[in-house]
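Reader: I have just opened my first protein model and would like to learn how its descriptions are reached. Could you take me through some of the reasoning?

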Amino acid sequence: MRYSFIVPVYNRPDEVQELLESLCEQTLKDFEVVIVEDGSSVPCESVCRGFEDRLCVRYFTKANSGPGQTRNYGVERAEGEYVLILDSDVVVPPTYLEEVERELELEECDAFGGPDRAHESFTPMQKAINYGMTSFFTTGGIRGGKKKMDKFYPRSFNMGVRRSVYNELQGFSAMRFGEDIDFSTRIFKGGYKCRLFPEAWVWHKRRTDLRKFFKQVHNSGIARINLTKRHPGTLKLVHMLPAVFTVGCAVLVMALLCGLAMFVLGPDHMNKSFGFALMVLSLLPLLLYALIILTDSTLKNRSLRVGLLSVPAAFVQLIGYGTGFLRAWWQRCVLGRGEFEAFKKNFYK
């Protein structure tokens, strides 16, 4: 068998239904699907059984241990030459496997990954969050964009690895957040060939509201410091920019409040004028960035509503990641404490 899709699942039967429906439409059929239930209280077994007449789907269940270890469990039971790691909240276009096969025939490699997009059926908030995670103006394009500030590292929502290489590297580590970047880093360090397949993209639903989105990116910021501790020298400028942005926003907000106080409480015209000027100068950078996000997202999504929602999504993405990064830097680099996570108990619910 050529390919094995590996999908860890935690309480998401509806998402599994949509993913399996999309896999039924693949133009290339040489694959199996390995679904691994990670200690869910709402299982998807009945969903999987409903596709057995249309797909080679195999269903397993295990105690909860997080996505990385669950993927390893699935790969141990896979039969394909390549294992394709997907998150349960993705949907694949019909030509996904065809594009993967075309790229491998063009140039063999040991590992690869593809970008993600927002489907037309996604809610405006899902599209805005997708923009926040993929735009050059928020993440530097490092998640598969054509313009990027760092080399591409495959991520677990859309990653392919030769099964023999996966086994040699012993798969994903026990990290619950950042485990995919840890694995990709070990692939590069091991001297294996890894590429971006730009046309092997998936539709990725991501989080459905800004609160859940903040939790996700805050953990990603923490994971970046944990990854730096595991792999010294991997921290790049693009990883630090959200922290710089966060500190900059805090300084601008403080300046804005000082200017407001001077404008309202200032004893004379000069103080009030200075306070007003300080307020304007504090607001301008934030308004300019918001305008860039609004314009770019509106044009790309062809929707003013998505453009407007992309503004808070972009700020949540950067500040959530930035605060997680700064928090972990303080805990690990300044205080010398061990690896940690946030929102561990409820993030996947």
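Author: Gladly! This is a predicted model, and a good place to begin is Gly191, just after helix 8, which takes a positive phi of about 80°.

Reader: What makes helix 8 count as mostly covered?

Author: Helix 8 spans residues 179-189, and 9 of its 11 residues are buried. Those buried residues are Glu179, Asp180, Ile181, Asp182, Phe183, Ser184, Thr185, Arg186 and Ile187.

Reader: And what covers the buried residues of helix 8?

Author: Several elements do, including helix 3 (67-76), strand 6 (111-113), strand 8, helix 7 (163-168), strand 9 (194-196) and helix 9.

Reader: Let us look at helix 9, then. Why is Leu227 called buried?

Author: Leu227 lies in helix 9, residues 210-230. Its relative accessible area is 3%, and buried means under 20%, so Leu227 is buried. Setting aside residues up to four places away in sequence, Leu227 touches Met175, Gly178, Ile181, Asp182 and Thr234.

Reader: How do you know whether Arg224 is buried or exposed?

Author: Use the cut-off again. Arg224 is in helix 9 and has 7% relative accessibility; the limit for buried is under 20%, so Arg224 counts as buried. Leaving aside neighbours within four places in sequence, Arg224 is in contact with Ile181, Thr234, Leu235, His239, Tyr321 and Phe325.

Reader: Now a pair of helices. Why are helix 5 and helix 12 called oblique to each other?

Author: In general, two packed helices are described by the angle between their axes and the distance between the axes. The axes of helix 5 (residues 124-134) and helix 12 (residues 304-334) come within 8 Å and cross at roughly 50°. Angles under 35 degrees count as roughly parallel, and 65 to 115 as roughly perpendicular. An angle of roughly 50° is in neither range, nor is it over 145, so the two helices are oblique. Helix 5 passes helix 12 in a right-handed crossing.

Reader: Which residues meet where helix 5 and helix 12 come together?

Author: From helix 5 there are Pro124, Met125, Lys127, Ala128, Ile129, Tyr131, Gly132 and Met133, and they meet Arg305, Val306, Leu309, Ser310, Ala313 and Gln317 in helix 12. By class, this contact has 9 nonpolar, 3 polar and 2 charged residues.

Reader: On to the strands. How do you know that both faces of strand 4 are covered?

Author: Look at each side in turn. Tyr82, Leu84 and Leu86 are buried on one side, and Val83 and Ile85 are buried on the other. For the strand as a whole, residues 82-86, that is 5 of 5 residues buried.

Reader: How does strand 4 pair with strand 1 and with strand 8?

Author: Strand 1 (residues 3-9) and strand 4 pair in the parallel sense over 4 bridges, with Phe5 having Leu84 as its bridge partner. Strand 4 and strand 8 (residues 158-162) run antiparallel and are joined by 5 bridges; here Tyr82 stands opposite Arg162.

Reader: One more sheet, please. Why do strand 5 and strand 7 stand at the edges?

Author: The open sheet of 3 strands has the order 5-10-7, with mixed pairing. Strand 5 (90-91) and strand 7 (116-117) each have a single partner strand, so one side of each is left without a neighbour in the sheet. Strand 5 and strand 10 (residues 202-204) run antiparallel, joined by 2 bridges, and Val90 stands opposite His204.

Note on methods:
Residues numbered from 1 in each chain as written. Predicted model: local features only at pLDDT ≥ 70, side-chain atom pairs only at ≥ 80, totals over all residues. Heavy atoms only, no water. Buried < 20%, exposed > 50% of the residue type's maximum accessible area, 1.4 Å probe, protein only. Pairing = 2+ DSSP bridges. Axes fitted to C-alpha atoms, helices over the stretch in contact; angles between N-to-C directions. Left-handed = near helix turned anticlockwise from the far one by under 90°. Contact = heavy atoms within 4.5 Å. Nonpolar A, V, L, I, M, F, W, Y, C, P; charged D, E, K, R; others polar.
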